[in-house]
Amino acid sequence: MSQHPDGRDLAGRIARLEAVEEIKALKHRYLRACDAKDPEGFRACFIDSGASIDFGRLGRFDDADGIVKVFESIALQRVDGKNVILDMHHAMHPDITVHDAETASGRWTLKFRQVNLLDDTESVSTGEYDDEYVVEDGRWKMSKCHFRRHWAIVRPIGADWTIAQ
């Protein structure tokens, strides 16, 4: 078998690459669930119980169910049948370390944009996710998801804006 300079064999290197790709797909499912206002899809990205969640001003939780309730209270708001909180999450710059076949950690940079039609504002912000992942029931899940915002700009939506849904 082909050996890597650090001694890892080809099968181990392929397994590590597969794990990294599966973890990227997990984070992308999470982000899509956020933007699609899908609390079940959002919850499915976390381990069944005991996840460490710290989203700063949105709260700290020792299980994903707490952040799901916050997500539902914010993202699912509707007025006259239309969503009033419109989100766009883009995570980039993944830095994923696979520790073994069932544990990994990762950091991601988030670009976030939100339109809030309740207070007529648009916000743009960025920050860092610090995650840990484990294999549960044969799939990678988040066991830790901490987010630290670096900065945000909040500005009023002008009368000349049109929001289409």
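Here's a quick briefing on the fold, surface and salt bridges of this protein. The model is a predicted one. It has three helices and eight strands, and 39% of its 165 residues are buried. On the charge side, the count comes to eleven salt bridges.

**Overall build**

- Reading from the N terminus, the elements go α-α-β-β-α-β-β-β-β-β-β.
- Along the principal axes, the C-alpha atoms fill a box of roughly 65 × 30 × 25 Å.
- Take the contacts with a separation of 6 or more: 54% of them are between residues 24 or more positions apart.

**Surface and charge**

- The protein exposes about 9,600 Å², and carbon and sulfur atoms supply 52% of that area.
- There are 23 positive and 29 negative charges, and the mean positions of the two sets sit 4 Å apart.

**The Lys-27 to Asp-131 pair**

- Side chains of opposite charge can pair when their charged atoms come close.
- Lys-27 and Asp-131 make a salt bridge, with 2.7 Å between the closest N and O atoms.
- Lys-27 belongs to helix α1 (residues 10-36) and Asp-131 to strand β7 (residues 121-136), so this pair ties together parts that are 104 residues apart in sequence.
- Both Lys-27 and Asp-131 are buried.

**Other salt bridges**

- Asp-54 pairs up with Arg-60, their closest N and O atoms being 3.3 Å apart.
- Arg-60 has a relative accessible area of 59%, and since the cut-off for exposed is over 50%, Arg-60 counts as exposed.
- Lys-141 forms a salt bridge with Glu-136, and here the closest N and O atoms are 4.0 Å apart.
- Both ends of that bridge fall under the 20% cut-off for buried: Lys-141 has a relative accessible area of 13%, and Glu-136 comes in at 18%.
- Arg-43, Asp-63 and Asp-65 are joined into one network by salt bridges that share partners.

**A spot to look at on helix α1**

- Ala-25 is also part of helix α1.
- With a relative accessible area of 31%, Ala-25 lands between the buried and exposed cut-offs of 20% and 50%, so the residue is classed as partly exposed.
- Ala-25 and Trp-140 are 115 residues apart along the chain, and their C-alpha atoms are separated by 9.4 Å.

Definitions and conventions: Residues are numbered from 1 along each chain as its sequence is written. This is a predicted model: local features need pLDDT of at least 70, side-chain atom pairs count only at pLDDT 80 or more; totals for chains, interfaces and linings use all residues. Side-chain values use heavy atoms; hydrogens and water are left out. A salt bridge is a side-chain nitrogen of Lys or Arg within 4 Å of a carboxyl oxygen of Asp or Glu. Helices (H or I, at least four residues) and strands (E, at least two) are DSSP runs, numbered from the N terminus. Buried means under 20% relative accessible area, exposed over 50%, partly exposed in between (1.4 Å probe, protein chains only). Contact means heavy atoms within 4.5 Å. Accessible areas come from the Shrake-Rupley method with a 1.4 Å probe; for residues, only the protein chains shown count as cover. Lys and Arg count as positive and Asp and Glu as negative; His and the chain ends are not counted. The place of a charge is taken as NZ of Lys, CZ of Arg, CG of Asp or CD of Glu.
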